[in-house]
Amino acid sequence: MKRYLFALSLAAAAAAFACVSLSDSGGQVLLVVAPVLDSVFVGDTLSPRAVFLEDAAGNHLDPGPYQWSISPTSVATVDASGKIAGKGKGAALVVATRRDSIASGAVVIVSRQLEMTLLLDTLFLMPGDTITVPLAVAQKTPAATTVRFDSSPTANVYTIDTTGPTAGLITAHGTGGPLRYVAHLTNGTDSIADTGAVVVMSLTDTSADGKFYMTAFGTGIRHQSGGAFALHYPKRNGKLAFRLVDSLTQNAAKDSVLITLRDSILAPGTFEIDSLNPRETAVVGTLDPYCNPKRPWGVWSSRPLDINLPPIFAYSHGTPTDSVAGQLIITQYVTPVGGGAIISGRYLFRARRLDLYGDPLGAETIRGTFVVPLRLRNLCTF
């Protein structure tokens, strides 16, 4: 099970951009490689990227002589003219470097002729939970496909439907794991397989944090796990709101998913996640979306520990015709001795990156599973 935590996403490609000072005017321009994100199948090629200098007015200028390079070459190669060839599954950064060492880059995603992506390659469940393994299929040439799964290696921890219309349906039975699950995909000509993991866990009280696993798909890509908890906290009117907090620090960045509901959760159920405009996050008082939420919302953030590097904030964002961005599903609500609750569930919502808010490249899809304590805390001071 190999996952690509490709922080290059668009953030690293943007970090590769350089400001070039024009010698005749002292103005600032950007060295640009476009498009900044593209994809190709293994064995296919892409034409050379456009390279130009862009001034503050948006004018494109001659960039001068430059050379091409790409990394890693196991994923793609580039020739002297800039033509890119897909070699293996993954993501690569193609870079144009001028003679003065000023460089800029773009990201290329390479897929196999038949591709399967596990959208949640690790699943955290409580005994009694069920979930169908979410996956996405891509093919260069459309054809009928069949998915099957290996049987569970430890049936007293989880079982899985291996074939047929319910293939991939997992039922959690007893605590244990991580235990692998294996998905196989064929189109009659090509066959591929991928491996994920199942963790079945329970908590005896609310004193210890739980666990989550989340993925982000877009120009920012994440596959990661960490500690998690949920809270009921008083709003301005004294009623309780709900918050789920998933967070971890790794790869020199602090990542978190935060989902806020305007009301408390008292039982299993499905709850909408609405859109949140980034301008609303700066509002204080009665319209504060954190301490006095008027509607449910979510955000994924990735903040480098190096303050000189740009962060990613992706707020829940619906479609032009529907403000609903996704949903939070609470599959179990258990009341332990000592109060509070233990909850399990999953979430899925569309989001829009703050740094690319008006650009289609800013779209992200955030998914996760969790088993967490639900505590009562006073988060806000009024």
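These are my notebook entries on sheets, aromatic pairs, a cavity and some backbone details in a predicted model.

**Entry 1: the three-stranded sheet**

I began with an open sheet of three strands, which I followed in the order S4-S9-S8 and found to be paired in the antiparallel sense. Its edges are taken by strand S4, residues 45-46, and strand S8, residues 76-78, and each of these pairs on one side only. I then looked at how S4 is held to strand S9, residues 84-86, and noted two bridges between these antiparallel strands. Within this part of the sheet I marked Leu46, which stands opposite Ile84 in S9.

**Entry 2: the four-stranded sheet**

Next I looked up an open sheet of four strands, where the order reads S13-S20-S19-S16 and the pairing is mixed. Strand S13 (122-125) and strand S16 (146-149) are the edge strands here, and because each has a single partner strand, one side of each is left without a neighbour in the sheet. From one strand to the next, I recorded an average twist of 25°.

In this sheet I followed strand S19, residues 176-186, against strand S20, residues 191-200, and found an antiparallel pairing that extends over nine bridges. Leu185 is placed opposite Ile192 in S20. I also noted Pro178, which lies in strand S19, and whose peptide bond with Gly177 is cis, with omega at about 10°.

**Entry 3: aromatic pairs**

How many aromatic pairs does a search of the whole structure find? I noted five, and I wrote up two of them in detail.

One is the pair of Tyr66 and Trp68, which is edge-to-face, with the centres 5.6 Å apart and 90° between the planes. I checked how far each of these residues is open to the outside: Tyr66 is partly exposed at a relative accessible area of 33%, whereas Trp68 has 13% and counts as buried, because the cut-off for buried is under 20%.

The other is the pair of Tyr347 and Phe370, whose ring centres lie 6.2 Å apart. Why is this pair stacked? The planes of Tyr347 and Phe370 stand at 20°, and planes under 30 degrees apart count as stacked, so the pair falls in that class. Tyr347 belongs to strand S29 (residues 341-353) and Phe370 to strand S30 (residues 363-376), so the pair ties together parts that are 23 residues apart in sequence. Both residues are buried: Tyr347 has a relative accessibility of 3%, and Phe370 has 0%. I added that Tyr347 and Phe370 form one aromatic cluster together with Phe349.

**Entry 4: the cavity**

I then turned to enclosed space, where the count comes to one cavity of 30 Å³ or more, and I wrote down a volume of about 30 Å³ for the largest cavity. Which residues line the largest cavity? The lining is made by Phe212, Met214, Gln224, Asp246, Ser247, Leu248, Asp255, Ser256, Val257 and Trp300. Sorted by character, the lining residues are five nonpolar, three polar and two charged. I also traced the lining back to the strands, and found that strand S21 (210-218), strand S23 (240-250) and strand S24 (253-261) each supply at least two of its residues.

**Entry 5: a residue in S21**

As I was already at strand S21, I looked up Ala216, which has its place in that strand. Is Ala216 buried or exposed? At 0% relative accessibility Ala216 counts as buried. I noted, too, that its C-alpha atom is separated by 4.7 Å from that of Ile366, although these two residues are 150 residues apart along the chain.

**Entry 6: backbone details in loops**

My last look was at two loops. In the loop between strand S2 (28-34) and strand S3 (37-41) I found Pro35, and the peptide bond that leads from Ala34 to Pro35 is cis, with omega near 0°. In the loop between strand S10 (90-98) and strand S11 (103-111) I found Ser101, which has a positive phi of about 75° although Ser101 is not a glycine. Ser101 is exposed, with a relative accessible area of 58%.

Terms used:
Residues are numbered from 1 along each chain as its sequence is written. This is a predicted model: local features need pLDDT of at least 70, side-chain atom pairs count only at pLDDT 80 or more; totals for chains, interfaces and linings use all residues. Side-chain values use heavy atoms; hydrogens and water are left out. Two strands pair if DSSP finds at least two bridges between them. Rings of Phe, Tyr and Trp (its six-membered ring) pair if their centres lie within 6.5 Å; planes under 30 degrees apart count as stacked, over 60 as edge-to-face and the rest as tilted. Buried means under 20% relative accessible area, exposed over 50%, partly exposed in between (1.4 Å probe, protein chains only). On a 1 Å grid over the protein atoms alone, a cavity is a set of points where a 1.4 Å probe fits but cannot get out, and a pocket is an open set with protein on both sides within 12 Å along at least five of seven lines; lining residues have an atom within 4 Å of a point. Grid points are joined across faces, edges and corners, and a volume is the space filled by probe spheres set on the points. Ala, Val, Leu, Ile, Met, Phe, Trp, Tyr, Cys and Pro count as nonpolar, Asp, Glu, Lys and Arg as charged, and the others, Gly among them, as polar. Axes are lines fitted to C-alpha atoms, for helices over the stretch in contact, and angles run from 0 to 180 degrees between N-to-C directions.
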